[in-house]
Amino acid sequence: MNIEEFREFGKASVDYIADYLENIRNMNVLSSVEPGYLSNELPEKTPFFGEPWQGVLSDVDRVIVPGLTHWQSPNFHAYFPTANSYPGVVGELFSAGLGCISTDWESNPACVELEVRMMDWLAKMLGLPNHFLNESEGPGGGVIQNAASESTLVGLLSGKQRTIKTILNENPKLTANEVKEKLIAYTSKESNSSVEKASLLASVPMRLLSTDDNCSLRGKVLQEAINEDRAAGLIPCCVVASLGTTGTCAFDDLEELGKICAKENMWLHVDAAYAGAALVCPEYRYLMKGIEYVDSFNFNPHKWFLVNSDCSAMWFKNTNDVEAAFKLQSSMIKDPTFKPQIEDWQIPTSRRFRALKLWFVMRIYGVEGIQKYIREQVSLAKYLESLVREDDRYELLVSSLGVVCFRLKGDDSLTQLLLDRIAESKKLYIMPYYYHKNFVVRFVICSRLTTTHDIDFAWHEISSIVEEISNGVVTSSTECEKPRNENTPADPLTKAMKGFSTEKKEKFKLGLFL
Ligand SMILES: *Cc1c(COP(=O)(O)O)cnc(C)c1O
């Protein structure tokens with residue numbers, strides 16, 4: 001491909017993407033393809049002779065788009081938002097087009113310096129404490145990571161290292177290995193599954209603590225667990241708290257947990273992957289009460305902050321701790337040309353130019369534009385909440401930021417049936433959740449394109465299914481999928497979990513499916 005063809009391909013592609021987003025409402029959010037569909041559509045081998053771009057673009061249209069789950073569809077209400085915006089897309093294009101990455105400052109001054117400044121812009125926008133800023137006098141700072149999962153791992157590794165160092169200083173006779181095998185960390189059972197994964201990767205066992213009725217981890221439960229473990233000779237080293245759990249957008253009590261972490265000399269990492277974006281609106285900042293105790297804080301601009309994936313923002317109160325865990329001896333020798341050396345706070349060696357899309361989004365939307373976006377999304381959730389409340393066939397269980405959970409009153413099988421029917425229709429994508437031992441419809445405002453009309457559409461779809469259920473048109477969830485043995489009652493969870501692995505099913509039953 002020569003440069004002229006690149007111009008043509010690039011322009012045609014931008015047009016294609018604009019048309020796709022403009023018409024996304026006309027497609028079912030879920031695809032109708034069968035497993036393995038693509039293997040019939042594509043040749044088994046790479047073409048020997050290169051092909052013109054026109055054929056590739058038309059195959060995107062012919063075979064890729066029909067197999068997509070449309071995450072940007074206004075009818076996508078599953079998981080959490082996956083950010084997308086025009087400035088974000090162009091930022092991503094620039095990152096690819098300029099083709100620069102960075103390691104240290106010398107490798108790419110603009111890339112490093114823009115990231116350092118953008119992390120400060122972001123921290124100020126969210127109202128985070130000054131000690132997290134790169135420009136602050138102290139040892140704090142922020143860097144862009146790939147994902148919330150990775151940030152949790154980085155936080156946990158930093159906490160692990162800090163504890164080992166402290167214990168060895170106090171007990172010079174111990175060896176690092178003797179300390180390592182006694183370490184233990186804590187999170188709530190409502191935390192994202194990536195927290196457990198981080199514990200596996202960091203080789204620090206993690207206790208999943210129970211929450212209060214609002215799915216929030218409280219100080220008393222943490223303190224009891226710590227006391228128990230200390231009595232058994234273990235060394236508590238880290239707490240991963242959630243601000244906005246994946247299930248029901250619940251908030252752990254940072255202030256209670258933080259005081260305990262300070263007293264027990266434990267690292268406090270906060271996973272605010274989704275809900276962190278709401279802090280851009282001052283009215284939600286009460287949710288981070290206790291933030292002054294936090295050692296590392298993470299949220300995903302690539303979720304609810306209009307910056308395309310991947311972009312996960314992470315701040316440290318004291319970057320010396322993460323450097324103690326990661327920094328190679330060899331890089332300590334030379335005097336840095338520029339500080340901070342953000343490359344020492346991440347796992348990969350190099351980093352993509354992700355600060356560009358953050359810059360584009362923050363400049364083109366402005367603080368005001370992003371606040372407006374968050375408030376509009378929350379008001380859509382409030383609107384749905386009002387529809388649920390007005391109809392006495394439903395029970396509202398959760399309404400937190402963009403997450404609304406409700407169920408049909410009466411037997412659980414009704415809600416299950418509703419969820420099955422929604423999934424079969426492919427017009428809406430909504431995940432089931434298992435909340436306080438009941439099936440709930442977990443409805444999230446996800447797409448930037450969702451409007452009140454789309455909520456009305458979703459509610460109309462839901463209502464007509466419920467109408468059918470109450471008229472007895474649809475009576476049994478086993479209608480479409482017969483149990484293998486007529487004498488065996490169908491597993492009540494089977495249908496909503498269609499396609500889940502056994503392990504995922506088990507987790508789902510415990511309410512840990514995400
Ligand atoms: C989505 C989510 C994650 C995982 O985010 P990645 O960036 O995909 O790793 C972690 N924690 C919470 C609370 C989430 O909502």
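Modeller: A residue is called buried under 20% relative accessible area, exposed over 50%, and partly exposed in between (1.4 Å probe, protein chains only). The model is predicted, with residues numbered from 1 along each chain as its sequence is written; local features need pLDDT of at least 70, side-chain atom pairs count only at pLDDT 80 or more, and totals for chains, interfaces and linings use all residues. Side-chain values use heavy atoms, leaving out hydrogens and water.

Biologist: Why is methionine 1 called exposed?

Modeller: Methionine 1 has a relative accessibility of 62%, so it counts as exposed. This residue belongs to the segment before α1 (3-22), where helices (H or I, at least four residues) and strands (E, at least two) are DSSP runs numbered from the N terminus.

Biologist: What makes histidine 436 partly exposed, and how does lysine 437 rate?

Modeller: Histidine 436 stands at 47% relative accessibility and therefore counts as partly exposed. Lysine 437 reaches 72%, so it is exposed. Histidine 436 sits in the loop between β12 (431-435) and β13 (438-444), and lysine 437 is in the loop between β12 and β13 as well.

Biologist: What is notable about phi in histidine 436 and lysine 437?

Modeller: Phi is positive in a residue other than glycine: near 45° for histidine 436 and near 70° for lysine 437.

Biologist: How do you know that the span of α4 fits its number of residues?

Modeller: Helix α4 (residues 86-98) has 13 residues and reaches 18 Å from its first C-alpha to its last. The expected span is 1.5 Å times one less than the number of residues, and for α4 the 18 Å reached is close to the 18 Å expected. Glycine 99 follows α4 with a positive phi, near 65°.

Biologist: Which residues of α4 are buried, and what shows how they are placed around the axis?

Modeller: Pro87, Gly88, Gly91 and Ser95 are buried in α4. They cover an arc (taken from the directions from the helix axis to the C-beta atoms) of only 100°, so they lie on the same side of α4. Leu93, Ala96 and Gly97 are exposed on the other side of α4. The buried residues of α4 pack against β9 and α14 (355-390), contact meaning heavy atoms within 4.5 Å.

Biologist: What makes the bonds before aspartate 310 and proline 340 cis?

Modeller: Omega is near 0° in the peptide bond from serine 309 to aspartate 310, and about 0° in the bond joining lysine 339 and proline 340. Aspartate 310 is in the loop between α11 (301-304) and β8 (312-316), while proline 340 occupies the loop between α13 (329-332) and β9 (351-352).
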